[in-house]
Every structure is written in C-alpha cells, then in structure tokens.
Amino acid sequence: MKVQLRLNGDGVEIDAQPDAFLLEVLRERGLTGAKEGCGVGVCGACTVLVNGDPVSSCLLLAGQADGAEVWTAEGVARVAPHIASAFSDNEGLQCGICTPGQVVSAYSLLQRNPHPSDAEMRTYMAGNLCRCTGYASIRRSIEAAANG
Ligand code: FES
Ligand code: FES
C-alpha cells in the first residue's frame, strides 16, 4: 500500500506492507534513530512525533500514519541540534539506545513548555525508559537544552 507522509519536513510516498509498523518502515528508509527496544509500547526507544505527539512507532501501523506529519530523531537533530548536544554535555546518555527517543520526547516537551519544572519533566518523560544513565542526568540535559 502507498503511504504518504510529511517526513521530517519533506513530502514522501512510501510503499509499505499493510501489516508493517511505522518503526520498520522508517528504519528501512535509513532513519535508524528510532530503535526497537521492547516492541510492545513500553520503553519509548521507538518514539517519533506524529502530528506533534510522541508516539511509539512500534505500535502504529504505517498505514495508520497516512497523511500525517512525522518527525524522527534525525529531523529533530536537524531543527534542534542543541537538545542532543545537551544530552551529550550533561551525561544524559551512556549506551545511547534510548537517546533518540529521549531527545524526540524532550523536543516535544520543550515545544509545549519551554521551561518545564522537574515534576513536569518527570511526567512528560515517563514513557521513555533508560537502563543505563540516571534519570536525573536526563532531566539535567533537558534543563540545559531549555536554557541553551
Ligand atoms: S520499542 Fe516501541 S515502546 Fe519499546
Ligand atoms: S543510555 Fe542506555 S538505555 Fe538509556
């Protein structure tokens, strides 16, 4: 089936199997920032923005995204490079598996709330799990991005 997306700001048409999830379709296009961690909508490693909302792309069929505006970590890195830099500068990552999803969610948070409180960060980022670095350093990274 044909799926039309506005992908990282560009109009694209993708040929996708009806049972293909958005995550695999994006990764097949070389957009490998989104990762498959749990595959069941729990870890947030596959987070992308769909029409402005953070979504687990492992759960969304590509066909369900037809006509949507999708932003991946690659697009966010282009329009808001300071966020990934803040993670790197503030020990907000170790292995990096969760980081693209964290950065996408952080971007979304900062779009809605340019200076979130610690509690607001905890709530908004609750769907992005990390098994290596501390959540405190992730929140410190978001705060640095907000101030940068
Ligand atoms: S891989 Fe999608 S939420 Fe974990
Ligand atoms: S940096 Fe390794 S899972 Fe988050």
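The sheet comes first. This is a predicted model, and in it five strands form an open sheet in the order β2-β1-β5-β3-β4, with mixed pairing. Its edge strands are β2 and β4, each of which pairs on one side only. On average, neighbouring strands are turned by 40° against each other, direction ignored. As background, strands of a sheet pair through backbone hydrogen bonds, and the pairing is either parallel or antiparallel.

Take one pair from that sheet. How do β3 and β4 run, and how many bridges join them? They run antiparallel, and four bridges join them. For one position in register, look at threonine 47: its bridge partner is serine 56 in β4. There is also a helix on this part of the sheet. α4 packs on the sheet and touches β3 and β4, and the direction of α4 makes about 35° with that of β3.

Now the loops. β3 covers 47-50 and β4 covers 53-56, and asparagine 51 is found in the loop between them. Its phi is positive, about 50°, although asparagine 51 is not a glycine. Most residues other than glycine have a negative phi. A second asparagine is worth a look. Asparagine 8 is in the loop between β1, residues 2-7, and β2, residues 10-15. The phi of asparagine 8 is near 50°, again a positive value in a residue other than glycine.

Which of these is buried and which is exposed? Asparagine 8 has 21 other C-beta atoms within 10 Å, so it is buried, the cut-off for that being 20 or more. Asparagine 51 has 12 other C-beta atoms within 10 Å, so it counts as exposed, the limit there being 12 or fewer.

Next, helix α3, residues 81-89. Its buried residues are Ile83, Ala84, Ala86 and Phe87. Why are they on the same side of α3? Because they cover an arc of only 155° around the axis. The general background is that an α-helix has 3.6 residues a turn, so residues three or four places apart point the same way.

What do the buried residues of α3 pack against? Their partners are three helices: α2 at 73-79, α4 at 99-112 and α6 at 135-147. α4 is the helix we met on the sheet, where it touches β3 and β4. So much for the helix itself; one residue after it remains. α3 is followed by glutamate 91, and the phi of glutamate 91 is positive, near 55°.

Methods
Residues are numbered from 1 along each chain as its sequence is written. Chains are lettered from A and ligands numbered from 1 in the order in which they are written. This is a predicted model: local features need pLDDT of at least 70, side-chain atom pairs count only at pLDDT 80 or more; totals for chains, interfaces and linings use all residues. Helices (H or I, at least four residues) and strands (E, at least two) are DSSP runs, numbered from the N terminus. The arc is that of the directions from the helix axis to the C-beta atoms. Two residues are in contact if their C-beta atoms, placed from the backbone, lie within 7 Å. Two strands pair if DSSP finds at least two bridges between them. Axes are lines fitted to C-alpha atoms, for helices over the stretch in contact, and angles run from 0 to 180 degrees between N-to-C directions.
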